Amino acid sequence: MQPKRLEDVVRGRLGRECVYVPSCRFGLFVALRHWCPPGGRVLMSPVNDDVIFFVVLAAGLRPVQAPLNPFDASIDIDAVPEGTWGSLSAVLTTNLYGNPDPAPGLRARCDALGIPLFEDGAHAIGSAVGGRPVGAWGDAAVLSLSKHAGARTGGILALADPDRSATVREACAELLAPRRMTSELTYAVRPYAEAAVRRLGLRRAAWATMGLLGLTEREGIRMPLRPEALAGAARSAPDLAAHDPWVRVDMHDYRLEPGPVRLRRVHRSLGRLDDVLRASRAGTELLLSTPWARPPADGAVQPLFRVPLLVADRDAATAALARHGIVVGYLYDPPLDDYAGAAFTDPSPDPGNARWFARHALPVDPLRAREATEVLERSGARPAEPPKKPDARDAPEPPEATTARGLGPPRD
């Protein structure tokens, strides 16, 4: 099995040149380094995985946190100050949980400014906006093969300009770590081990084992920032190796050269992707009909990776679901500007919506929509009140208060 076969499959979906990469975080680092000058400023969402934040720092760039739509955490283009637009070197979308960012408007802004648009489509391999799939708007985009496709490894770096393919492939080859037999064996047996502990009801043992394998390293939602060490790493940026302690969290093989076992499993998973997307769309439609959901303004139902229900007490709802074996992961609380502070990022000019979403979003797997809905109904979960203008009561919790809230599954 060769990566080219996988690239051809995704190229057929996107209509763009595709480069196989071991993970989205790896592909995003390559894209940022290829297009952006060191010291450049990148507009991004503050409700995002901290790993992506550290990838931006590793590329020698300054994250700039954007104001958000409070109901789906997409970038609010009109709320970005004009002075901020003029200072940017690039824009990075998130397409959180598969809900598309406003790519047509962002594309127009980037074209007017002469800067690149990058799409993080890790959650959005089946989503579309403006008549195009997510991943077909940016100068570069990353798509995960470990999320919807279920391969638990691999990604695609899609390029608008095929003439850049050779240079990008060379950059990837220089950064890849050599393949290791032990990593291939671990990857091969992991699904069977996880299935066994699930059948035996040994969830705690499963998480402990995954921790020993470096597959989950968080005691809470956000990893420890370690600001002094991070400041030291930043002095050598752009430098992926210096930021490796942060970028590798929950995925130590993020830059590993893929072996035949991985590639074969990814290919099989891609063959099932359309079936998964159909089921995800049906589950999304069901969840959007519940009182905790805010249906999209355009009425379009995407095959979401997770559906962000908006509940008054997210921790209580998470606990209720956990008691029925439904794990809630992919939580991004607090927002990145509250988490990292002004030493490492420009804060959002209007942080209230991001704080509200991060506090109330309950990401539910649409493939378990009916079970989750029944659990939430029985638990008496209440919908969140719509956000209000910030005041003293909306001040963010200190980071140490948010690190004990619970674990999610590994992220890409």
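Among contacts in this protein between residues at least 6 apart in sequence, what percentage join residues at least 24 apart? Hold that thought for a second. What you have in front of you is a predicted model, so everything I say today is about a prediction. And the number is 74% of those contacts. I'd like to walk you through a few places where you can see what that looks like.

Quick overview to get us going. The protein has 412 residues, and buried ones make up 55% of them. In secondary structure terms, we're looking at 17 helices and 11 strands.

Okay, let's start with the sheet. Seven strands come together in an open sheet, and if you read across it, the order is 1-9-8-5-4-2-3, with mixed pairing. Which strands sit at the edges? Those are strand 1, residues 17-21, and strand 3, residues 62-65, and each of them pairs on one side only. If you take neighbouring strands in this sheet and ignore direction, they're turned by 20° against each other on average. As a reminder for anyone new to this, strands of a sheet pair through backbone hydrogen bonds, either parallel or antiparallel.

Let's zoom in on that strand 3 edge. Strand 2, residues 41-44, pairs with strand 3 in the parallel sense, over four bridges. Arg41 has Arg62 of strand 3 standing opposite.

Right next to Arg41 in the sequence, have a look at Val42, which belongs to strand 2. Is Val42 buried or exposed? It's buried, because its relative accessible area is 0% and the cut-off for buried is under 20%. So who's around it? Leaving out neighbours within four places in sequence, Val42 is in contact with Val56, Leu61, Arg62, Pro63, Val64, Leu88, Ala90 and Leu92. For a bit of scale, Leu32 is 10 residues away along the chain, and its C-alpha atom is 9.4 Å from that of Val42.

Now, helices against the sheet. Helix 5, residues 103-113, lies across strand 4 (90-93) and strand 5 (117-121), and runs at about 155° to strand 5. Then there's helix 6, residues 165-175, lying across strand 1 and strand 9 (155-159); that helix runs at about 5° to strand 1.

Next up, the aromatic rings. How many aromatic pairs are there? The count comes to seven. One of them is Trp35 with Phe118, an edge-to-face pair with 5.8 Å centre to centre and 75° between the planes. This one ties together distant parts of the chain: Trp35 is in helix 2 (residues 24-35), Phe118 is in strand 5, and they're 83 residues apart. Both Trp35 and Phe118 are buried.

Here's another pair to find on your screen: Phe54 and Tyr339, edge-to-face again, with 6.4 Å between centres and 75° between planes. Phe54 comes from helix 3 (residues 50-58) and Tyr339 from helix 14 (residues 336-340), putting them 285 residues apart. Phe54 and Tyr339 are both buried too. And they have company, since ring pairs link Phe53, Phe54, Trp246 and Tyr339 into a cluster.

While we're at Trp246, check out Arg226: its charged end sits over the Trp246 ring, 4.6 Å from the ring centre. You can find a similar arrangement at Trp137, where Arg132 lies over the face of the ring, 3.8 Å from its centre.

Last stop, helix 16, residues 369-379. Its buried residues are Ala369, Ala372, Thr373, Val375 and Leu376. Looking down the helix axis, those buried residues fall within an arc of 165°, so they line one face of the helix. Flip to the other side and you'll find Arg370, Glu377 and Arg378 exposed. What covers the buried residues? Among the elements doing that are helix 12 (273-288), strand 10 (307-310), helix 13 (314-322) and strand 11 (361-364). Just after the helix, Gly380 takes a positive phi of about 75°.

Two of those covering elements also pair with each other: strand 10 and strand 11 are antiparallel, over four bridges. Pro308 has Pro363 in strand 11 as its bridge partner. In a regular strand, side chains alternate between the two faces of the sheet. You can spot that in strand 10, with Val307 and Leu309 pointing one way, Pro308 and Leu310 pointing the other, and all of them buried.

That's my tour, thanks!

Notes
Residues are numbered from 1 along each chain as its sequence is written. This is a predicted model: local features need pLDDT of at least 70, side-chain atom pairs count only at pLDDT 80 or more; totals for chains, interfaces and linings use all residues. Side-chain values use heavy atoms; hydrogens and water are left out. Two strands pair if DSSP finds at least two bridges between them. Helices (H or I, at least four residues) and strands (E, at least two) are DSSP runs, numbered from the N terminus. Axes are lines fitted to C-alpha atoms, for helices over the stretch in contact, and angles run from 0 to 180 degrees between N-to-C directions. Contact means heavy atoms within 4.5 Å. Rings of Phe, Tyr and Trp (its six-membered ring) pair if their centres lie within 6.5 Å; planes under 30 degrees apart count as stacked, over 60 as edge-to-face and the rest as tilted. Buried means under 20% relative accessible area, exposed over 50%, partly exposed in between (1.4 Å probe, protein chains only). A charge sits over a ring if NZ of Lys or CZ of Arg is within 6 Å of the ring centre and within 35 degrees of the ring normal. The arc is that of the directions from the helix axis to the C-beta atoms.
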